[in-house]
Amino acid sequence: MSGEKCSVQAVVRCRPFTESEKGKNASRAVKVSGDKVILQGGKEQTFSTDGSYFWDVANGQVYKEKCESLVKKVVDGFNLTIMAYGQTGSGKSYIMHGTEEDPGIGPQVFQTLFRQIEAASDNRDFFVSITYVQISENGFIDLLNPHGNEMKVRQHPQLGIIVEGASEIVAHNDEDLNRLYDQGNRVSAIIQPDQKAGVHRVAMVRVEQKDLSTLDGQGVRSQVNLVDLAGAETSACKGVNALLTALGESKKKDSNVLYRDSHITRLLQDALGGNSYTVMVATISAADVCASQTQSTLQLVQTARKITNQVKQNPDETSTVISELRKEITRLRTKISSSSSPADRDDVIKMEELVKDLQLAKKQSWEERERLSDSNEEERKHNLANKGILEWVMDAVRRGNKDTRERILQIQKDKDKLQLEYKEKRQQLDRMKDDLQAKIADYTKMTEMGKAKEDETKARVGAIHDLKEHLKRETEAIKDIKKRLKDLQEKQRAEKEEARATSSALKGNSELRYRIEAEERQKFEAENRAMIKEELDRMKMELEQEKAEIQLKEAQGVQYTTKDAVQLEMQLAEMKAEKSVITLQLQSLEQEKNMLEKTMENTQKAHKEEMEIQQLQHFQTFRNFREVFEEQKAALEGRYRKLLEDAIQDAVFLSDRNSELEQENQALKQELAEMKDEMTILKGAGAGRRSRPPTASSTRSAAS
Ligand SMILES: Nc1ncnc2c1ncn2[C@@H]1O[C@H](COP(=O)(O)OP(=O)(O)OP(=O)(O)O)[C@@H](O)[C@H]1O
């Protein structure tokens, strides 16, 4: 394989003491000096690396210095693998995923990747997708879609090393990649939390592009693998350790066998000794209690640095690959069908594999994959729900709903306060206006009557002027309140809008949607009941107060014509209260009705959509069946045609042979007849001789 030769870069990252190490009174056994790592305690050992970092250096800096420039090459069609290697609990997940404050290598790769894509998209078209799997000794788990179908590692002539059966989800931006990567990590933590140390997680981001400046849209493809390996000391990592050692010691023969050792070593075939830039981040603990594991890791770093890869750009050769696959399949088919002995099993297996490769190669159009990715979305949510991850999604929804509701409630409170302020200001303003009018009227009256003294006139004009100024200021203040109210209104609308968008996005899955809607309805009903109860209590209190006031008036001697008048007034107040409660109840029932109607409408819509999806799926299944049927039919026809040809050839051969035999037979018969004739002649001659005495010549010939 030609291409640029380059070594695996091995970088060391040292993590701080954990609580348990502190509890064991661990002391520090690791020092970093430039690119060298020094292991103390016992005999001091120094290890060379391609970069060494303590925990005081952020994940971001490790990424910037050791990975960023390589990620930029991915956009030009080169493969890249970044893998975390180290003992259990040494910080592999920390460097790969990171935290919110200190994002790990994964999120940073996604960001750089899409920045580069954006910068290059003037004359290039890109297509990005992600597959994320977990591998343990028990097999695979699809972390983006835990379906439980069979998966296996295969080498595809065009796509390179792939995990057959794993879902491929299309990503349109770095947020998509981040969301899916994060979701995969959560799935991994939920599905097998106690087996974290013994599993490998491999995220494969495929980047494809077409050059828009060429007529045929020439393309290149590449892949970034983000690998979080199982603990180096676990049995799951044994194969990887052996492979790293064999490759580092240039034992080609061993490594060829070792690649086939396990799923993970097969997957790492390009990363270790193949076509990929590779950065290995070896994670270690600084504590002396981990010294022996740290030593093993650092020794392996030395070995890994000796591994060389051959990196080359990957052109998109789908059409060539397809035609070569077709040729090879035809060749094998002919061989299998024409062979007189039973078909060679290896040939049959090989042909099956090639047919699979061909089918996959034919499905590589971007549109087809986008469509598949979309249809995976439904299945994905369904499988997440089946695995109990729905609860987690629901929790997120609930948390999101609660936060949004709290924010909306706070805005409502601010609004209520402002409205009260507005009302008071408005009343004050009205009073001031009245006051001003009265003052102006007084002043006009006074001047008309010509009674006003100069001082008084001045004072009155001054007061009117002051009041006018005050009024102006208050009018401004009221305008400001109105503006703030409008802003709050807008904010509340935006929050509600966002809440609606979030819940409708999450309602993509019907099961999830029904449960969320049912919860929302229950919550709404409970809120309504509480509100009605509150209102009832308030009414009762007001009613009691009103009754008490009427009784007080009566006691104070307010004249009611009869005792009935008091009673009537009381009843009237009671009825008023009841009326408002009933109005309130009616309003809330109306709201509940609207909500139910909306739910029904949504359900109907969802059913319709689901029906359409199912129809599409049926149609697709039918098409798949037809494709398989057509292919099998063509194969059978080919085989029968061949058999027929053979049979005809055989018949022709047999008929030729038959005529030959007949001719031979005829010739033989003729010979026989001639011989018979000769015999008869000879017999006749013999009889003649016996009746005559022998001549001299006949005596001579008998003697000779
Ligand atoms: N650079 C770091 N700075 C601060 N804390 C860290 C750092 N690296 C790791 N840790 C902490 O150390 C602990 C173990 O880290 P982590 O889970 O990443 O290890 P791991 O190697 O992935 O473990 P496992 O093999 O079980 O998957 C975690 O609590 C993590 O937060």
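User: Why is strand β14 called largely enclosed by the rest of the structure?

Analyst: This is a predicted model. In it, β14 covers residues 219-228, and 10 of the 10 residues are buried. Buried means under 20% relative accessible area. Every residue of the strand meets that cut-off, so β14 counts as largely enclosed.

User: How do you know which residues of β14 point one way and which the other way?

Analyst: Gly219, Arg221, Gln223, Asn225 and Val227 point one way. Val220, Ser222, Val224, Leu226 and Asp228 point the other way. Both sets are buried. In a regular strand the side chains alternate between the two faces of the sheet.

User: What makes β7 and β14 a pair?

Analyst: Two strands pair if DSSP finds at least two bridges between them. Strand β7, residues 80-86, is joined to β14 by 5 bridges, so the two count as paired. They run parallel. Met83 stands opposite Val227 of β14.

User: What makes β13 a partner of β14, and how do the two run?

Analyst: The cut-off is again at least two bridges. Strand β13, residues 200-211, has 10 bridges to β14, so this pair counts too. The two run antiparallel. Arg201 stands opposite Asp228 of β14.

User: Why is Lys92 called buried?

Analyst: Its relative accessible area is 7%. The limit for buried is under 20%, so Lys92 qualifies. Lys92 lies in helix α4. Beyond its neighbours within four places in sequence, Lys92 is in contact with several residues, including Ala84, Tyr85, Asp228, Leu229 and Thr283.

User: Why does Thr88 count as partly exposed?

Analyst: Thr88 has 33% relative accessibility. Partly exposed lies between the limits of 20% and 50%, so Thr88 falls in that class. Thr88 sits in the loop between β7 and α4. Setting aside residues up to four places away in sequence, Thr88 touches Ala197, Gly231, Ala232, Glu233 and Thr234.

User: How do you know where the feature "binding site" is placed?

Analyst: That comes from UniProt, in an unreviewed entry. The record places the feature at Gly86, Gln87, Thr88, Gly89, Ser90, Gly91, Lys92 and Ser93. Such annotations may be inferred rather than shown by experiment.

User: What makes Leu636 eligible for a nonpolar surface patch?

Analyst: Patch residues need over 30% relative accessible area. Leu636 has 46%, so it passes that cut-off and is called partly exposed. Leu636 lies in helix α17, residues 563-691. Together with Tyr640 and Leu643, Leu636 makes a nonpolar patch of about 330 Å².

Definitions and conventions:
Residues are numbered from 1 along each chain as its sequence is written. This is a predicted model: local features need pLDDT of at least 70, side-chain atom pairs count only at pLDDT 80 or more; totals for chains, interfaces and linings use all residues. Side-chain values use heavy atoms; hydrogens and water are left out. Buried means under 20% relative accessible area, exposed over 50%, partly exposed in between (1.4 Å probe, protein chains only). Helices (H or I, at least four residues) and strands (E, at least two) are DSSP runs, numbered from the N terminus. Patches are made of residues with over 30% relative accessible area and no salt bridge: like charges are joined within 9 Å, nonpolar side chains (Val, Leu, Ile, Met, Phe, Trp, Tyr) within 5 Å. Accessible areas come from the Shrake-Rupley method with a 1.4 Å probe; for residues, only the protein chains shown count as cover. A salt bridge is a side-chain nitrogen of Lys or Arg within 4 Å of a carboxyl oxygen of Asp or Glu. Contact means heavy atoms within 4.5 Å.
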